[in-house]
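Biologist: I am new to this one, and I would like to know what lies behind the words people use for it. Could you show it to me?

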Amino acid sequence: MAFFNRFESYIDKNIGRRRFGYIVLGLIILFFLWFPNDTSQSNYAKTVFISGFFYAIMSSSWALLAGIAGQFSFGHMAFMGIGAYVAGLIARDGIIFATLGIAISPESISAIGSIIIGTLIAGLVGLVIGWLLLRLRSAYLALFTIAFSELFRIMMLTEYDYTGGSNGLSLRPLLQITDVDAARQVEYYLMFALLIVCLLVMYWVANSPVGLFLRAMREDEDAASALGVNVVRYKILVFVFTSMIVGLAGAIFYSDVGSERIIPEQLEVLQMSLIIAYAVIGGMESLIGAAAGAFISRYLLEATREVVIALPLGLTLPDGSGAFVWETGAWRYALFGVIMVFTLRYMRNGLLYPIITWFSGRDLAMKETVSKRKSDDEYAELPEAEHE
Amino acid sequence: MNRKTLFVYLGTLLAMIALIPVGMVQADGHCEFADEAITIGALVPLSAPGSVEGGIAMQWAIEHAASGINADCGIQINGGNYRLEIVVGDSEGSPERGQAAVERLILEDNVDAVVGVYHSAVGLATMTMLDDNGIPTVFSEPWNDNVSANGIIEYEGKPPRIEDGIDHIFRISPASSMVGPVVVNWLLSLGVENVVLIAENTDYGQPAAADETARLEAAGVNVEKLDVELGTEDFVPILSRIQASPETPDAVRLLVTGETSLNLTQQMAELGIAPTGDTICVTNQYAFNSDTYWGTVPDGNYCAFNRVGIIPSLFNDLGTELNAAFEEAWGKLVPSYAMASYDAVHIIANAMEQAGSYSDAATIVAAIEATDLELSQGRYYFDYGSHNPDLPEGTPAFMWHQWPDPIVTVMQYFEQDQSALNAAVVYPEVYQTHGSSYIVPGTSP
């Protein structure tokens, strides 16, 4: 502890915490840029990272929607699915609006074109859902988005003639690189770049006046409205914005960048709850915390697929091996659940929140987002240092 | 606790730790194994959204096969005994996670072959990766036709999966198109004229209903199709429509899976719709799990159901042994996908022995193509592959690298609380166990 105090005062005096935070962030980015060039790493490790980047986009965008704007939606995976399914269907079947006399053949649409259309459609659906949600709050909003999400999943399952049902829909590959190693390298950088761009754009929004209005909306919608915040506009805006981000991420990820096909089971509420869990563990009100929480969680879930416990003293098992090997299966998710319970009970702003707060040098999260709002009397009784 | 007692405890504990490993090593002492081991990857679903129950049964069967092979001194290649190690990859029933698991098996665990796969979506998503990396693979449960149809043949307008070289993917589970016609052919053999199909609203129920409707109507049978949602508890409204129909159907065929099929069967029996003297009841293969069936469908005597995989009365010695071991471990009859997974390991092991190599994928694939082996589900062989690449006209494309003989039968209970082991096989005729193609309710075969 004494060492940490000395370290803290050294940083405060000589560099400044925020600047030190930027240095650490820069080093982390450099690590991710260098990682694919580490020849000791197999393509599998890169695959895990690619998956981590994808879920980081999903969780951080959900943190913007729920943690910053206060719209507790369960429809995030559905919007991701809309982006991916639309991109896949358009690349396969083209666009036909018979009544308008529009017919575009699939050959004339590139993979990038299909991804852009998928993203736009996700945004368009976000617009409609955002408009429908205008009058809904808290539990009703969550219930509505669960219903929407399930409706979309069941549609993808039952319209199997078009979507492939539970066998899934194979999207047109975005990259046409025959060399597997080179392809994985490009896929890695593509997904990492997408994460960085998404985070930058989301931070720009969160730190702009729009972000301030979103926070005001989260704290008290009626009060924000009374103070002149156009709640209708910003509610719709945040739904459209986050829907487009996850639609884009889904369309790219399932275009053989992270996975070769999307299945309806990927849109289940269970998968959505994982996105929420990643964000809660990382920190719901911090975009980078949610992204880091998702990345670390995905990495750990992958790393704990198999737990190997080496036997001491040269002892061996009947099969001659010197270690117990435990295929964890679903148990690693159970462990993950325990971490989630611990986080919600003891570190409501996320496991990474203290680190991020330390680097930023200020308290970033509003306490009432994840815990009971304090009354004015209770607030007044708090020591001065705890006043926000 | 005094000091003496403490020493006794500690001494006993140390003695146990010291003795157990010695015993373990001696138990395996009759075989002289080579230094390196052969590694087979088992790709099975062990977490949601995959079918965990299926994945666990497959994992058990694969590990059971490996321990049996190791007890017989492993895989014998060029005079050496190679221990077989199984590395499990959890596909989670998701193509994305399945691909990651396969990549891990290939690149981190350096597996020499892969067996398993429960979900077709995972099989379809991982085939190219397995092929590109030259991993001989025997799938034991995915049914989608394209798993084997699209190897080196253009199928349904899609280009072949591999343009040249060898195809490493084999399948010993049936293709969907091999399962569909059996119940229809049975009903037609009984001379039915009016059939009600009740289908779940999924990509299993709806295509199956469309396929069976087409087959029945082509034979001049009048078909009425009703749709239900999975998870529904109360089917009385929909069953009332059958009761209100002016004509009593000759058969009610359920294309509904899981517990829902059992609830529906019981309500159908309770309402006196089927099974009756006039109406045949054909429920889902889930009925094969007799304990669960009778627990939920006490009025379901004389219902028929299709069974994919070998039937208990046809179990050979190996099948009987495997079933006994499975029953001991899990308390129920061994499912077909566990038997297929067990056999898949033996097919790979045998091919490696025949090829004289565990790393030369081309010779192992050639040896799998030349397989002629009696295992728990019967005799395994592959009619079409690079050894016989020209499929005769009329032979479906999915017969490529496909075991042609997965058994699909129609079975029927004829006694209350009967075990599936004793249920009658009524179709096809070649497998009939009680000399009858249908047991009329109220009679005995």
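Modeller: Here we talk through some terms and what supports them.

Modeller: This is a predicted model, where local features need pLDDT of at least 70, side-chain atom pairs count only at pLDDT 80 or more, and totals for chains, interfaces and linings use all residues. Residues are numbered from 1 along each chain as its sequence is written, while chains are lettered from A and ligands numbered from 1 in the order in which they are written.

Biologist: What makes strand 5 of chain B covered on both faces?

Modeller: A residue is buried if 20 or more other C-beta atoms lie within 10 Å of its own, exposed if 12 or fewer, and partly exposed in between, with C-beta atoms placed from the backbone. Ala113(B) and Val115(B) on one side, and Val114(B) and Gly116(B) on the other, are all buried, so both faces count as covered.

Biologist: And why is it called a strand?

Modeller: Strands are DSSP runs of E with at least two residues, and helices are runs of H or I with at least four, numbered from the N terminus. Strand 5 of chain B spans residues 113-116, so it qualifies.

Biologist: How do you know that strand 1 and strand 5 of chain B pair?

Modeller: Pairing needs at least two bridges found by DSSP. Strand 1 (residues 38-44) and strand 5 of chain B have four, in the parallel sense; Leu43(B) has Gly116(B) as its bridge partner.

Biologist: Which way does strand 6 of chain B run beside strand 5 of chain B?

Modeller: The two run parallel, joined by three bridges, and Val114(B) stands opposite Thr137(B).
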